[in-house]
Amino acid sequence: MISRHLHRKKLYAYLEDEVDSAARRSIEGHLERCASCRGRLAEAQALLSRLQDLTGPATPSRDLWPEIEDQVGGAEPSVRSLEASHTHVKRHAPTGQRQIRDRVRGRWSIAAAATLLIIAGGILATVRSGSNPEEQRSAPLVGRTVPGEPGGTGTVTAADVDGVYQPIIARLRHLVDERSEQLGWDLAASAQDDLASIGAALADIREALRLDPDSRELLEKLDEGYQQHIWLLERLASVARL
Amino acid sequence: MSRRIGLLAMLVSVCAPRVGQAQVGSVDRTWPAGETNAVSIQARHASVHIDVWNRSEVRVRKSDPHARQRLRINRSASRGFFIVVRPEESAEPGRALNDTIFVTVPRKSRVSVQTSTGSVTVLGVEGDVRLESFFDSCVYKGDAERVFVTAYHGTTRVEAGRAREVVVTSGSGDVHVNTGRGGVRIQTVNGDIDVVSMDPLDSADVRSTFGSIAFAATISSEATVALESHSGDVELTLDEDVRARLQLDTYLGAIHNDRGPSAPARPWGSGGWSRVEFALNGGGAIVTASSFRGDIRLRRPE
C-alpha cells in the first residue's frame, strides 16, 4: 500500500538522531516519495531551531490568575468550560446511501464555534440532502450560506466549504498567535505539529476532491477536517488564556 | 456554665479550618462535605490526586511546605467545594512550581478538575467526573457513570467498567479507554486511541486525524460504532458471536479482513474509496471503520 504520513514522534526522533539505521533508511525512503512529510520535516526542523533559541520555561507576560479568580466567582466555571468543549452538535438528518454511516456519525465541536457550525451545518445539509429541495427549504440558512447558490439547490464545492471556514480559522489563528508566548515552548511545538497534521489531512482531501470534485464523502471529510482545525485553535486560545 | 460554653465556642471558631481562607505551606484539613457532594478544583501548575473514603467529609492535603502554591477553598450550598490552587505572588511562573494536591472525597461525589501543567488522577469516585489537563496526563479509575476528559498533550487513561458515557477529546496525547455498557466518544488529532470493553457497548464514536485506532470491544446487537482516522490504521476485534453489519472504507490503504472480503490498497487517482460491506451472524449492530491513508483490519479475538 501507499505508506502513510510519518508520525510526528517518528519525525522528531529522526531529527534528534534517536532512530536506528533501519528506521532511518525507512524514514528517508518515505521522505523521498512524500512531499507532505518533507514539508512537515522542514517545519519541524525550523521549529526545533527556533526552540533552541529559547532558554528556560515560558514565562507568561502577566499574572493570569486574577482572571481565573474572576471566573471562580461565577458558577462552576470549570464544569461549564468542559461541557462547552464536549458540545455535541447534531446535524440534519441524513438520507440516501449514507444512512449506515450517518446513523453512527456524531459531531464534535466547541461552543465558541457554534455560530460557525450552524452556517457550516447549512452547507453540509446541502451536501447531504443533495436532490431534496424540500429539506433545503426547511433550513433557511442553507440558501444564504452557499455562495453563488441563492436557492440552496446547487452543488456545493470544496471552495464553498473553504470560503466558510477559512476566515474563521484566520481569526482564530491570529488570536492564538497573539497569545502564543503564554503557551510555552513544548505546547507550542506540539500545537504546530497538530496543526501541521490537520493541514496535511486537509491537503489530502483537497487533492482527492480535485480528482473527484462531486464526492460527498470527501466534502464531508473536508468539513470534519476544518471542524477539527477550529477545535484545536480554540483549545489553544483557551490554554493561552489560562 | 454559659461562660464555659462561650469559651469553648471561641476556641472552636479559632481552631476550626476556615473555608475561604488562603492556605499556604503544608495543608491537611478536613471539612464536612455538605449535601451537594460536588468538588471542583482549578489549578494552574499543580497536579491533583483524588481518592475516596466512606466519610461525608472532604480532606485536602498539600504536603510540600516549600511549594510556592496557595490554596483557596470555598464552599457553598449550591456549588459544593471549590478549590483554587495558584502560585504565590512572589513565585516565578513556570513548571518548576509543580506540586501535588491530595483530596479525599466521599465516594459518591461529583468531581471536576482543571489544570494546566499538572496531572490529574481520580480514583474510585462514583459521581460524574470531569477532568482537564493541557500538558500532563489524565487518569480515572472507578465506577462513575459519566466521565469527561479534555486533554491536550498528555496521555489519557480511563477505566470505567460501569460507565454509561465516556467522552475524551485530546490533541497529541494518546487515549486508552476501558469501559462497558454505555457509549464512548473519543477524538484526537495526533494521539493513538485504544478502546476495550468487556461488557456490551451501545455506541462508540472514535476519531483521530493522524493517530491509529484499536477497538477491541464487546458490542450489543443494537450498537452503532464509527471508527475513523485520516492517516492512521483502524483495527477492530469483534467477538465471534457478534451480530453486526459492517462497512469498511479506505481511500489509499488496504482492507485486511479475517471474517469477510478484503481489498488491496489503491494508488492515487484509481477511483476513490475501497469499500467492503458484509454482515456477521445475520447483522444487527452497525459498524463502520474508515481511514483515508491507513489500513483497515478486522480481526478475530485471540
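## Strands β10, β12 and β14 of chain B

In this predicted model, Val139(B) has Arg157(B) as its bridge partner in β14(B). Strand β14 covers residues 156–160 of chain B, and four bridges join it to β12(B). The two strands run parallel.

Strand β12 spans residues 138–141 and also pairs with strand β10, residues 120–123 of chain B. That pairing is parallel too, again over four bridges. Here Val120(B) has Cys138(B) as its partner in β12(B). Strand β12(B) thus has β10(B) on record as one partner and β14(B) as another.

## Strands β13, β15 and β17 of chain B

A second parallel set involves strand β15. Strand β13, residues 146–151 of chain B, pairs with β15(B) over five bridges. The sense is parallel. Val147(B) finds its bridge partner in Val166(B) of β15(B). Strand β17, residues 183–188, is joined to β15(B) by five bridges, and these strands run parallel as well. Glu165(B) stands opposite Gly183(B) of β17(B).

How enclosed is β15(B), residues 165–169? It is largely enclosed by the rest of the structure, because five of its five residues are buried. In a regular strand, side chains alternate between the two faces of the sheet. In β15(B), Glu165(B), Val167(B) and Thr169(B) point one way. Val166(B) and Val168(B) point the other way. All of these residues are buried, so the charged Glu165(B) is no exception to the count of five of five.

## Val177(B) and its contacts

Val177(B) sits in strand β16, residues 175–179 of chain B. It counts as buried because it has 28 C-beta neighbours inside 10 Å, and the cut-off for burial is 20 or more.

Which residues does Val177(B) touch, leaving aside those up to four places away in sequence? They are Val158(B), Val166(B), Val168(B), Val184(B), Ile186(B) and Val195(B). Val166(B) and Val168(B) are the two that share a direction in β15(B). Val166(B) is also the bridge partner of Val147(B). Val27(B) is 150 residues from Val177(B) along the chain, and 34 Å separates their C-alpha atoms.

## Strands β3, β6 and β7 of chain B

Strand β7, residues 80–87 of chain B, is mostly covered. Eight of its eight residues are buried. Strand β3, residues 38–43, pairs with β7(B) in the parallel sense over five bridges. Val39(B) has Phe81(B) as its partner there.

Strand β6, residues 69–76, pairs with β7(B) in the antiparallel sense, over eight bridges. Arg70(B) has Arg86(B) as its bridge partner. A hairpin of three residues joins β6(B) to β7(B).

## Two positive phi values

Most residues other than glycine have a negative phi. Arg181(B) is not a glycine, yet its phi is positive, at about 65 degrees. It lies in the loop between β16 and β17 of chain B. Asn281(B) also has a positive phi, near 55 degrees, and is likewise a residue other than glycine. Its loop runs between β23 (274–280) and β24 (285–291) of chain B.

Are these residues buried or exposed? Arg181(B) counts as buried because it has 20 C-beta neighbours inside 10 Å; the threshold is 20 or more. Asn281(B) is exposed, because 12 other C-beta atoms lie within 10 Å, and exposed means 12 or fewer.

## The chains overall

Chain B has one helix and 25 strands. Of its 302 residues, 54% count as buried. Among its contacts with a separation of 6 or more, residues 24 or more positions apart account for 43%.

Chain A has 12 helices and zero strands. From the N terminus on, its elements are α throughout. Of its 242 residues, 38% count as buried. Contacts between residues at least 24 apart make up 65% of those between residues at least 6 apart in sequence. Helix α2, residues 21–33 of chain A, has 13 residues. It reaches 19 Å from first C-alpha to last, close to the 18 Å expected at 1.5 Å a residue. This helix is hardly covered: zero of its 13 residues are buried.

How values were computed
Residues numbered from 1 in each chain as written. Chains lettered and ligands numbered in written order. Predicted model: local features only at pLDDT ≥ 70, side-chain atom pairs only at ≥ 80, totals over all residues. Pairing = 2+ DSSP bridges. Contact = placed C-beta atoms within 7 Å. Expected span 1.5 Å × (residues − 1).
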